[in-house]
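Trainee: I have a new model open and would like to learn how to read helix packing and empty space. Could you walk me through it?

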Amino acid sequence: MLKHYLIIFFVSMVPLIELRGAIPYAVAFIQAGSPLSLPLCYVIAVLGNMLPVPFIFFFARKVLEWGCDKPVIGKFFTFCLEKGHKGGEKLKEKAGRGLFVALLLFVGIPLPGTGAWTGTLAASILDMDFKQSVTAVMLGVVLAGIIMGIVSAGVFGAIFAL
């Protein structure tokens with residue numbers, strides 16, 4: 001049982017998969033008769049998804065800036081920074097003072113590429129306040145977890161009902 005909790009924790013840390021993959025994994029095992037606790041799985045997935053956030057916020061931008069002038073990775077790192085700046089400026093224009101809510105919804109709507117990793121990198125590039133951006137990302141992760149739990153329970157419930 002500990003093995004499954006660890007899998008949930010580590011899957012939720014993986015970029016692009018994050019909590020969006022960990023929650024369905026937990027729900028599938030629970031509905032298949034596993035004694036895992038859904039509330040505990042949810043908390044573990046949220047914690048696993050949030051663990052990299054401070055590191056991404058403080059170091060990802062610096063790594064990208066450092067790599068801009070390197071021979072092999074320079075073009076890609078420059079592309080990432082430019083794309084982040086352009087996207088960030090568009091988001092600032094559209095969101096205005098609602099940047100907190102925009103970041104929350106960006107992270108909270110469980111679509112590919114819109115998780116805590118991407119949201120935190122965007123907040124870092126936009127020079128958002130650390131506490132404000134972490135709060136928005138945390139609330140977004142909680143929202144995404146709720147959505148994924150409801151969707152997963154419905155999908156897997158229907159499958160196991162057959």
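**Helix packing and empty space**

Mentor: Happy to, and keep in mind that this is a predicted model. Two packed helices are described by the angle between their axes and the distance between the axes. Here, helix 1 (residues 2-11) packs with helix 2 (residues 18-31) at an angle of about 160°, and their axes are 8 Å apart. Because angles over 145 degrees count as roughly antiparallel, helix 1 is roughly antiparallel to helix 2.

Trainee: Which residues in helix 1 and helix 2 meet?

Mentor: From helix 1 come His4, Ile7, Ile8 and Val11; they meet Glu18, Gly21, Ala22, Tyr25, Ala26 and Phe29 of helix 2. By class, that contact has seven nonpolar, two polar and one charged residues. The crossing of these two helices is right-handed.

Trainee: Thanks! Now the empty space: what is the volume of the largest pocket?

Mentor: Rolling a probe the size of a water molecule over the atoms shows where empty space is left. In this model, the largest pocket has a volume of about 470 Å³. Its lining has 16 residues, with Gly84, Thr118, Leu121, Ala122 and Ile125 nearest the centre. Helix 4 (53-67), helix 5 (74-95) and helix 7 (116-125) each give two or more residues to this lining, and helix 5 has the largest share, six residues. By class, the pocket lining has 11 nonpolar, four polar and one charged residues.

Trainee: And which residues line the largest cavity?

Mentor: The largest cavity, with a volume of about 30 Å³, is lined by Leu16, Glu18, Arg20, Leu111, Gly113, Thr114, Gly115 and Thr118. Two of these lining residues are nonpolar, four polar and two charged.

Terms used
Residues numbered from 1 in each chain as written. Predicted model: local features only at pLDDT ≥ 70, side-chain atom pairs only at ≥ 80, totals over all residues. Heavy atoms only, no water. 1 Å grid on protein atoms, 1.4 Å probe; cavity = no way out; pocket = protein on both sides within 12 Å on 5 of 7 lines; lining within 4 Å. Points joined across faces, edges and corners; volume = space filled by probe spheres on them. Helix = DSSP H or I, 4+ residues; strand = E, 2+ residues; numbered from the N terminus. Nonpolar A, V, L, I, M, F, W, Y, C, P; charged D, E, K, R; others polar. Axes fitted to C-alpha atoms, helices over the stretch in contact; angles between N-to-C directions. Parallel < 35°, antiparallel > 145°, perpendicular 65-115°, else oblique. Left-handed = near helix turned anticlockwise from the far one by under 90°. Contact = heavy atoms within 4.5 Å.
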